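Colleague: Could you walk me through this model, one question at a time?

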Amino acid sequence: MANLNLGRTSFGDPAHTNQVLSEAEALALLNDWVPNERLRLHMLQVGAVMKAWALEKEGMPASEAHKWWLAGVLHDADWEKYPDQHCKRIIEELENRQVDPTIIRTIACHGPRHFGVEPETTMEKMIYVFDELSGFIHAAALIRPTQYEGMDVKSVLKKLKTPSFAAQVNREEIQDALSRIDFTLEEIIGFILKFQTGVRTPV
Ligand SMILES: [Fe+2]
Ligand SMILES: [Fe+2]
């Protein structure tokens with residue numbers, strides 16, 4: 001696997017604070033850069049969960065929650081077309097577009113072991129927590145006849161303890177992410193289940 005270490009820990013320009021992409025601009029970027037619908041859905045799911053966390057748990061205003069949504073929705077934007085430059089490409093794109101530095105740094109924090117950037121803020125810690133778990137929960141939902149309907153925390157925990165299920169999902173990384181926040185695995189799974197259930201890719 002390519003070395004994805006970004007070699008820096010500072011991103012964007014503080015002078016661009018509060019400059020964001022609109023929802024339509026973010027979705028257009030997603031459609032341009034990510035032909036794979038399943039990957040687009042993953043990013044929209046992480047975006048929905050990030051936004052819900054900002055609103056429900058952090059009590060943030062809609063303008064701040066939008067930044068959380070953008071970080072989630074764009075975090076893997078370059079993964080399909082530029083796997084060897086994952087994270088680097090989308091970071092540079094957002095820097096060129098003069099996007100708020102907190103959004104860019106949050107994207108850079110979604111995999112500290114790969115990108116070499118340690119999450120510091122709550123927003124940065126939460127994208128790391130949600131990324132793998134959200135994908136894992138979606139994989140678990142897809143194999144159920146009723147998908148998300150009736151799916152509970154217990155069934156996700158059971159799947160996590162089954163190493164052969166979604167083996168590519170790194171359980172150690174999930175534990176590492178959780179060790180940085182004051183919420184339990186059960187609470188996070190419950191939150192993700194609640195807020196990513198209804199997410200669909202726009203047609
Ligand atoms: Fe990623
Ligand atoms: Fe991801």
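What follows is a conversation about helices, their packing and a few single residues.

Modeller: Happy to. This is a predicted model, in which local features need pLDDT of at least 70 and side-chain atom pairs count only at pLDDT 80 or more, while totals for chains, interfaces and linings use all residues. Residues are numbered from 1 along each chain as its sequence is written, and chains are lettered from A and ligands numbered from 1 in the order in which they are written.

Colleague: Let's start with α7: what span should its 21 residues have?

Modeller: Helices here are DSSP runs of H or I with at least four residues, and strands are runs of E with at least two, numbered from the N terminus. The expected span is 1.5 Å times one less than the number of residues. Helix α7 covers residues 122-142, and its end C-alpha atoms are 30 Å apart, which agrees with the expected 30 Å.

Colleague: On which residue is the kink in α7 centred?

Modeller: A bend is the angle between axes fitted to the seven residues ending at a residue and the seven starting there. In α7 there is a kink of about 30°. Its centre is Phe-130.

Colleague: How many of the residues of α7 are buried?

Modeller: Burial goes by C-beta atoms placed from the backbone: 20 or more others within 10 Å make a residue buried, 12 or fewer make it exposed, and anything in between is partly exposed. By that count α7 is mostly covered. The number buried is 15 of 21.

Colleague: How are α7 and α9 oriented to each other, roughly parallel or roughly antiparallel?

Modeller: Axes are lines fitted to C-alpha atoms, for helices over the stretch in contact, and angles run from 0 to 180 degrees between N-to-C directions. Angles under 35 degrees count as roughly parallel, over 145 as roughly antiparallel, 65 to 115 as roughly perpendicular and the rest as oblique. Helix α9 (residues 171-178) packs on α7 at about 150°, with the axes 8 Å apart. The two helices are therefore roughly antiparallel.

Colleague: And which residues of α7 and α9 make the contact?

Modeller: Two residues are in contact if their C-beta atoms, placed from the backbone, lie within 7 Å. From α9 come Glu-173, Ile-174, Ala-177 and Leu-178, and from α7 come Tyr-128, Val-129, Glu-132 and Leu-133.

Colleague: Moving on, how are α4 and α5 oriented, roughly antiparallel or roughly perpendicular?

Modeller: Helix α4 (residues 88-96) and helix α5 (residues 101-108) have axes 10 Å apart and an angle of about 180°. Their contact involves Ile-90, Ile-91, Leu-94 and Glu-95 on α4, and Ile-103, Ile-104, Ile-107 and Ala-108 on α5. At that angle α4 and α5 are therefore roughly antiparallel.

Colleague: Is Gln-98 buried or exposed?

Modeller: Gln-98 sits in the loop between α4 and α5. Its phi is near 55°, a positive value in a residue other than glycine. Because Gln-98 has 12 C-beta neighbours inside 10 Å, the verdict is exposed.

Colleague: Where is Gln-147?

Modeller: Gln-147 also has a positive phi, near 50°, though not a glycine. With 13 other C-beta atoms within 10 Å, Gln-147 is partly exposed. Its place is the loop between α7 and α8 (153-160).

Colleague: Which handedness does the crossing of α2 and α3 have, left-handed or right-handed?

Modeller: Helix α3 (residues 62-74) packs on α2 at about 155°, with axes 7 Å apart, and the pair is therefore roughly antiparallel. A crossing is left-handed if the near helix is turned anticlockwise from the far one by less than a right angle, and right-handed if clockwise. For α2 passing α3, the crossing is right-handed.

Colleague: Is Met-43 buried or exposed?

Modeller: Met-43 lies in α2. Leaving aside neighbours within four places in sequence, its contacts are Leu-30, Gly-72, Val-73, Leu-74, His-75 and Asp-76. Since 23 other C-beta atoms lie within 10 Å, Met-43 is buried.

Colleague: Last one: how far apart in space are Ala-52 and Lys-194?

Modeller: Ala-52 is in helix α2, which covers residues 37-56. It counts as partly exposed, with 19 C-beta neighbours inside 10 Å. Ala-52 and Lys-194 are 142 residues apart in sequence, and their C-alpha to C-alpha separation is 9.7 Å.
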